[in-house]
Amino acid sequence: MQILKTKNDLQKIQGDTKLAFVPTMGALHEGHLSLVKIAQSYAKKVIVSIFVNPTQFGPNEDLSKYPRTIEDDIKKLESLNVDFLFLPDASELYPQGLEITHFANKELSEALCGLNRPGHFDGVCTVVYKLFDLIKPDYAIFGQKDYQQLLIIKDMVKTEQIMLEIIEAEIFREADGLAMSSRNIYLSPEQRLIAPKLNKALKSVAQGKQSIDEAKLDLISLGFELDYLETRRNRVFVAAKLGSTRLIDNISLSAMIPLLNN
Ligand code: AMP
C-alpha cells in the first residue's frame, strides 16, 4: 500500500484506471473494512483516507480525544490489499486555516444531528468536497450508519455537479446488534452491555411493538441521555449519550416488513 500525504502525491496516482474512495477518520473497524470491500468490487484501485477533520467537531466535542490508531489502521488496510492511503496533515487540506468553504443543505442538516451539533455538517461538506476535488474518484463509498451525512453528501454532489457516484453501504453491526463505531471503545464494560439496547429500541419501534414515547422512556430508564428518537423518510433514527459517549443508529422501516409478516 502506498501512503500519500500531499496533493502532489495524489496527482501521481491519477490515471486511466477507475478509482474508488473510502473517506474515514481512522480507528478502523469492520464497518470501515466492509466499505473497503465494496469499493474493491466497484473499481480496480481503492484509496482510503484517514483524517480527523477539525471543522466537523464542536467546541465541546471529542476532537482531541478522538481515537487515533494509525499503526493498526495501516495493518488492517494492508491486509485487504488497499492500493493507497491518503494521510494528509491539516495544513494540506486547510492551507488558509480552518475555514468552512461548503455548507450543507439547510433542510437536510437542520434536523436530527444538526440540532445538537450546529455546523457539524458544514464541516463534513467542507472536508468531503476538498477530498473529492483532490482525489477525483469515480466512486465514493459512505455508510448508512451516518444516514443524514449520506443524504447531505449526495445532495452536495448533485448541486455542485461533482462527477462521481456515491455508493451506500449497509450498517455493519456487532453480533449483539450494536452498530460498529470508532467511539465504541470509549464505552465501559457496563455501558457496552447496555449499548445494544439502542438498536433493540429501533427494532421494536419499527416493528410496531413500542411507540416512540415508550421506547424513549425505556432508553432513559436504562441510563441513556436521549438526543432524539424519531421517524423520518421511512427510517427510525436515534442518537443518545451513554456517559460521555454519543452513539447513533438508524433502521429502515421497510426492512422490518418481512419480520412483521412472521
Ligand atoms: P468515520 O470514520 O466514523 O467518519 O466513518 C467513515 C465512513 O465509515 C462513513 O461513511 C461511515 O458512515 C462509515 N461507517 C462507520 N461505521 C460504520 C458501520 N458500522 N457500518 C457501515 N459503515 C460505517
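What follows is a chat about a predicted model, its ligand site and two of its helices.

Colleague: Hi! What are the ground rules for this one?

Modeller: It is a predicted model, where local features need pLDDT of at least 70, side-chain atom pairs count only at pLDDT 80 or more, and totals for chains, interfaces and linings use all residues. Residues are numbered from 1 along each chain as its sequence is written, and side-chain values use heavy atoms, with hydrogens and water left out.

Colleague: Thanks. How many residues surround the ligand, and which are the closest?

Modeller: There are 16 around the ligand, and M25, H32, D146, F172 and M180 are the closest. A residue is near the ligand if one of its heavy atoms lies within 4 Å of it.

Colleague: And how do those residues divide into nonpolar, polar and charged?

Modeller: The shell has 8 nonpolar, 5 polar and 3 charged residues. Here Ala, Val, Leu, Ile, Met, Phe, Trp, Tyr, Cys and Pro count as nonpolar, Asp, Glu, Lys and Arg as charged, and the others, Gly among them, as polar.

Colleague: Which polar side-chain atom lies 2.6 Å from an oxygen atom of the ligand?

Modeller: That one belongs to D146. A backbone N or O atom of F172 also lies 2.8 Å from a nitrogen atom of the ligand.

Colleague: How much of the ligand does the protein bury?

Modeller: Alone, the ligand exposes 490 Å², and the protein buries 92% of that; the areas come from the Shrake-Rupley method with a 1.4 Å probe.

Colleague: Which element gives the largest share of the shell?

Modeller: α2 does, with 3 residues. Helices (H or I, at least four residues) and strands (E, at least two) are DSSP runs, numbered from the N terminus.

Colleague: New topic: is Q148 buried or exposed?

Modeller: Q148 counts as buried because its relative accessibility is 8%; buried means under 20% relative accessible area, exposed over 50%, and partly exposed in between (1.4 Å probe, protein chains only).

Colleague: Where does Q148 sit, and what is it in contact with?

Modeller: Q148 is in helix α8 (residues 147-159). Leaving aside neighbours within four places in sequence, its contacts (heavy atoms within 4.5 Å) include L108, C113 and F121. A polar atom of the Q148 side chain lies 3.0 Å from the backbone nitrogen of C113.

Colleague: And α7, how many of its residues are buried?

Modeller: α7 is mostly covered, with 14 of its 16 residues buried. Just after α7, K136 takes a positive phi of about 50°.

Technical notes
Polar contact = N/O pair within 3.5 Å; in protein donor to acceptor, adjacent residues only side chain to side chain.
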